Amino acid sequence: MSTAASKKLFIKTWGCQMNVYDSGRMADILAPLGYALTDSAEGADMVILNTCHIREKATEKVFSDLGRLRPLKEAKAGAAKAEDEPMIVAVAGCVAQAEGEEIARRAPWVDLVFGPQTYHQLPEMVARAHRQAGRPLVNTDFPVESKFDHLPGEAGTQGASAFLSVQEGCDKFCTFCVVPYTRGAEYSRDAAGILAEARRLTATGAREITLLGQNVNAFHGEGPDGSVWGLARLIRALAEIDGLERIRYTTSHPRDMDDDLIAAHRDVPQLMPFLHLPVQSGSDRILAAMNRKHDGDTYRRVIDRLRAARPDLALSSDFIVGFPGETDRDFADTLKLVTEIGFAQAYSFKYSARPGTPAAALDDQLPEAAKDDRLQALQQLLWAQQGAFNQGMVGRVIPVLLDRPGRRPGQLQGRSPWMQSVHLQAPAHLLGTIQPVRIIDAKQLSLTGTADLVAPDLVAPHLVSEEAA
Ligand code: 5AD
Ligand code: SF4
């Protein structure tokens, strides 16, 4: 047997921030079993691929990674001393949920396959995997108990900027999307558990918390008093936590942007002026075919109200081009909506037919070349908007949360209120704090600043010049 705290755990994460959060929690659950994170699969005692099923490309990569893991597992078995345990290879996340049996068939050297709702059972699953070595254990149930009631209270530290999962699953059933099938029905955690986790994160250095959910603004968790809390109520309660200076939430649906949440953008200074609100398309015909449950004007009105509440709000969105039946005219409506609204950043994707979703069965699928052309045109427009938005920051002094060391010595990186990456020369002891930074240059994806406005009692001047030299 390996000794406690001596086992190496490698986790590779694809996809959304929810997966990043889940991977962190898996590491927390495995820590008491003696697993510590390592940064390579080679020689690891356990490898978890935490996967994404949202588009075809992400799914394909899992199988090619599994192919590369097989010889590593065999090499470890070959080199092992008699008392050593073999490498456990696990596939987690949404590909595991959707294609559990297929993975077991195509990659029988996998030990464990488990979906996003069952990872709290990891200790039992690992023990069983050791017992039944040679046969993949597939666990893709949607258990009746909530995993959140079974996760360890002590989450590992996440640094100055932390994620906190508050809601999972989706009942919207957009016709292109696998999420309602892989993540299941909407579920909201209770507010007391979320507030306790937020307090723990803040006590260990988090200055910013991003609330996560597939449909986070549909949050309707039980409050400490037994009533149902919406997201706005939760945000107001989080804003009471001392030391928690920034709150964000993602991802939202336009239909769930209620009055109270819009008002929170006006009233809660900690709620950052940046919102990711996917619209997917600007064409009413395509929005209907996507079952988005709103049209372009409804989206525009929501944005108008948000901007009235918080005039400096910057917006981000997701777009799909080449949805089945999308005409040039439909696509022109998308470009029109983008031009009218103006986005600070956005993600755009070619439509990818996902097995089991209604849109995959539609007849009028578009050729790849048409999707390529539209993606390029849309990205050009969004790219220009993002560049202009960043350029508009030059000369301003903005608060930056310094959350990471920079690439070069003496540098730190941080985030603006509008999610821009900011690079600057600054002493390491400012890591984890929010500082005023003068923006002196803007690139497509980041800003450069100087910390010359940092309060002199916080930075000894010799430190700044030394670091900058
Ligand atoms: N094809 C392309 N993009 C998709 N998305 C979700 N499903 C698909 C699909 N089948 C995109 C949507 C969503 C984001 C997370 O991924 O834009 O908002
Ligand atoms: Fe998928 Fe639509 Fe739900 Fe978003 S709202 S997770 S796109 S089904």
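# Exercises on sheets, helices and contacts

In β3, Ile48 is the bridge partner of Ile11. This pair opens the first exercise, after two notes on the model. The model is predicted: local features need pLDDT of at least 70, side-chain atom pairs count only at pLDDT 80 or more, and totals for chains, interfaces and linings use all residues. Residues are numbered from 1 along each chain as its sequence is written, chains are lettered from A and ligands numbered from 1 in the order in which they are written, and side-chain values use heavy atoms, with hydrogens and water left out.

**Exercise 1. Place the strands β1 and β3 in their sheet.**

Step 1. Start with the terms. Helices (H or I, at least four residues) and strands (E, at least two) are DSSP runs, numbered from the N terminus. Two strands pair if DSSP finds at least two bridges between them.

Step 2. Take the pair. β1 covers residues 7-13 and β3 covers residues 46-51; 5 bridges join them in the parallel sense.

Step 3. Widen the view. The open sheet has 6 strands, in the order β2-β1-β3-β4-β5-β6, with parallel pairing. β2 (35-37) and β6 (137-139) stand at the edges with a single partner strand each, so one side of each has no neighbour in the sheet.

Step 4. Add the twist. On average, neighbouring strands of this sheet are turned by 20 degrees against each other, direction ignored. Angles run from 0 to 180 degrees between N-to-C directions, and axes are lines fitted to C-alpha atoms, for helices over the stretch in contact.

Step 5. Add a helix. α2 (residues 56-79) packs on the sheet and touches β1, β3 and β4 (88-92). Contact means heavy atoms within 4.5 Å. The direction of α2 makes about 180 degrees with that of β3.

**Exercise 2. How do helices α6 and α7 pack, and which residues meet?**

Step 1. α6 spans residues 191-203 and α7 spans residues 231-238. Their axes come within 11 Å and cross at roughly 35 degrees.

Step 2. List the contact. From α6 come Ala191, Ile194, Leu195 and Ala198; from α7 come Leu234, Ala237 and Leu238.

Step 3. Sort these residues. The contact holds 7 nonpolar, no polar and no charged residues. Here Ala, Val, Leu, Ile, Met, Phe, Trp, Tyr, Cys and Pro count as nonpolar, Asp, Glu, Lys and Arg as charged, and the others, Gly among them, as polar.

**Exercise 3. Repeat the analysis for α8 and α10.**

Step 1. α8 (residues 259-267) and α10 (residues 296-309) pack at an angle of about 35 degrees, and their axes are 7 Å apart.

Step 2. Asp259, Ile262, His265 and Arg266 of α8 meet Arg305, Leu306 and Ala309 of α10.

Step 3. This contact divides into 3 nonpolar, 1 polar and 3 charged residues.

**Exercise 4. Follow Lys172 from the shell of ligand 2 to a salt bridge.**

Step 1. Read the shell (a heavy atom within 4 Å of the ligand). Ligand 2 is surrounded by Cys170, Lys172, Phe173, Cys174, Phe176, Cys177, Val179, Pro180, His253 and Arg292. The shell divides into 7 nonpolar, 1 polar and 2 charged residues.

Step 2. Find the partner. Lys172 forms a salt bridge with Asp256, the closest N and O atoms being 2.7 Å apart. A salt bridge needs a side-chain nitrogen of Lys or Arg within 4 Å of a carboxyl oxygen of Asp or Glu.

Step 3. Locate both ends. Lys172 is in the loop between β8 (167-168) and α5 (179-182), and Asp256 is in the loop between β13 (246-250) and α8, 84 residues apart.

Step 4. Look at Arg255, in the loop between β13 and α8. Leaving out residues up to four places away in sequence, Arg255 touches Lys172, Arg292, Lys293 and His294.

**Exercise 5. Inspect two points of the backbone, at Thr251 and Lys293.**

Step 1. Thr250 and Thr251 are joined by a cis peptide bond, with omega about 0 degrees. Thr251 lies in the loop between β13 and α8.

Step 2. Lys293 has phi near 70 degrees, a positive value in a residue other than glycine. Lys293 lies in the loop between α9 (284-289) and α10.
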